[in-house]
Amino acid sequence: MGIFDTLIGWLQMILEFFFHLSSTAGFENYGVAIILMTVVVKMILFPLTIKQVKSMKAMQDMQPEMKKLQEKYKKSPEILQKEMARLYKESGVNPLAGCLPLVAQMPILMGMFYALREFNYAGDPSFLWVANLSEADPYYILPVLSALTTFIQQKQTTSDTSNPQMKVMMFFMPVFIGWISCTFPAGLVIYWVISNIMQILQQWWMYRGTDSEQKG
């Protein structure tokens with residue numbers, strides 16, 4: 001826990017750095033500092049994001065073939081296991097590849113969560129319509145944005161929309177995120193919204209590059 005507390009402390013110091021940077025630029029504001037910090041963090045984590053998104057997309061593209069194998073060998077689990085391993089090998093997909101980058105990012109993401117939730121705003125804590133970033137958004141604009149950006153981000157990486165479970169998750173998760181955002185400090189929700197927007201842009205860029213290669 002000591003290492004995690006140290007990480008939180010470092011992240012809060014980085015936030016203070018971006019606050020002073022915004023002050024130097026002439027628009028001293030913690031909301032701006034959170035946005036700048038989030039953009040930098042997402043750019044640093046971009047290489048891991050590439051691996052994670054590509055693996056998730058590859059797994060989803062394999063779903064039709066996997067369903068065929070599951071239907072064909074549903075009474076022969078041993079054969080099914082071997083056929084699934086063969087499919088992974090032929091497709092060049094590691095089923096754990098999508099989890100490892102996420103695991104690597106978790107300490108930073110969790111650190112950001114606690115760093116912003118427990119941050120003590122020394123100066124003016126207001127940002128746009130929010131009077132105090134340490135309190136929840138009184139107008140629920142940020143929770144709505146958090147739900148909307150979460151939905152868009154999920155939709156980008158969901159290829160099999162006919163799957164009932166995927167459909168449920170595509171709508172349940174954004175609603176859940178929006179709901180809990182109503183109780184979170186506005187500064188934390190700003191981080192989530194900007195992080196989602198960065199993820200959406202990064203995924204768009206990745207898929208755009210893939211589409212260009214296919215067209216070429």
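**Notes on the predicted model: cores, helix H1 and a surface patch**

1. A small detail to start with: Gly 26, just after H1, takes a positive phi of about 100 degrees. Please keep in mind that this is a predicted model.

2. H1 itself has 23 residues, and its first and last C-alpha atoms are 33 Å apart, close to the 33 Å expected at 1.5 Å a residue. Its buried residues are Ile 8, Leu 11, Leu 15, Phe 18, Phe 19 and Ser 22. It may help to recall that an α-helix has 3.6 residues a turn, so residues three or four places apart point the same way.

3. Leu 15 is worth a closer look. Beyond its neighbours within four places in sequence, Leu 15 is in contact with Ala 33, Ile 34, Met 37, Leu 116 and Phe 119.

4. Now the largest nonpolar core, which has 28 residues. Leu 15, Ile 34, Met 37, Met 112, Leu 116, Leu 133 and Ile 190 are those with the most contacts inside it. Two or more residues come from each of helix H1 (2–24), helix H2 (30–44), helix H6 (99–117) and helix H9 (186–215). H9 gives the largest share of this core, 8 residues. There is also a second, separate core of 9 residues, with Leu 69, Met 84, Leu 87 and Tyr 88 among them.

5. On the surface, Leu 128, Trp 129, Tyr 139, Ile 141, Leu 145, Leu 148 and Ile 152 make a nonpolar patch of about 660 Å². Trp 129 sits in the loop between H6 and helix H7 (141–156). Trp 129 counts as partly exposed because its relative accessibility is 31%.

Key:
Residues are numbered from 1 along each chain as its sequence is written. This is a predicted model: local features need pLDDT of at least 70, side-chain atom pairs count only at pLDDT 80 or more; totals for chains, interfaces and linings use all residues. Side-chain values use heavy atoms; hydrogens and water are left out. A nonpolar core is a set of buried Ala, Val, Leu, Ile, Met, Phe, Trp, Tyr and Cys residues joined through side-chain atoms within 4.5 Å. Buried means under 20% relative accessible area, exposed over 50%, partly exposed in between (1.4 Å probe, protein chains only). Helices (H or I, at least four residues) and strands (E, at least two) are DSSP runs, numbered from the N terminus. Contact means heavy atoms within 4.5 Å. The expected span of a helix is 1.5 Å times one less than its number of residues. Patches are made of residues with over 30% relative accessible area and no salt bridge: like charges are joined within 9 Å, nonpolar side chains (Val, Leu, Ile, Met, Phe, Trp, Tyr) within 5 Å. Accessible areas come from the Shrake-Rupley method with a 1.4 Å probe; for residues, only the protein chains shown count as cover. A salt bridge is a side-chain nitrogen of Lys or Arg within 4 Å of a carboxyl oxygen of Asp or Glu.
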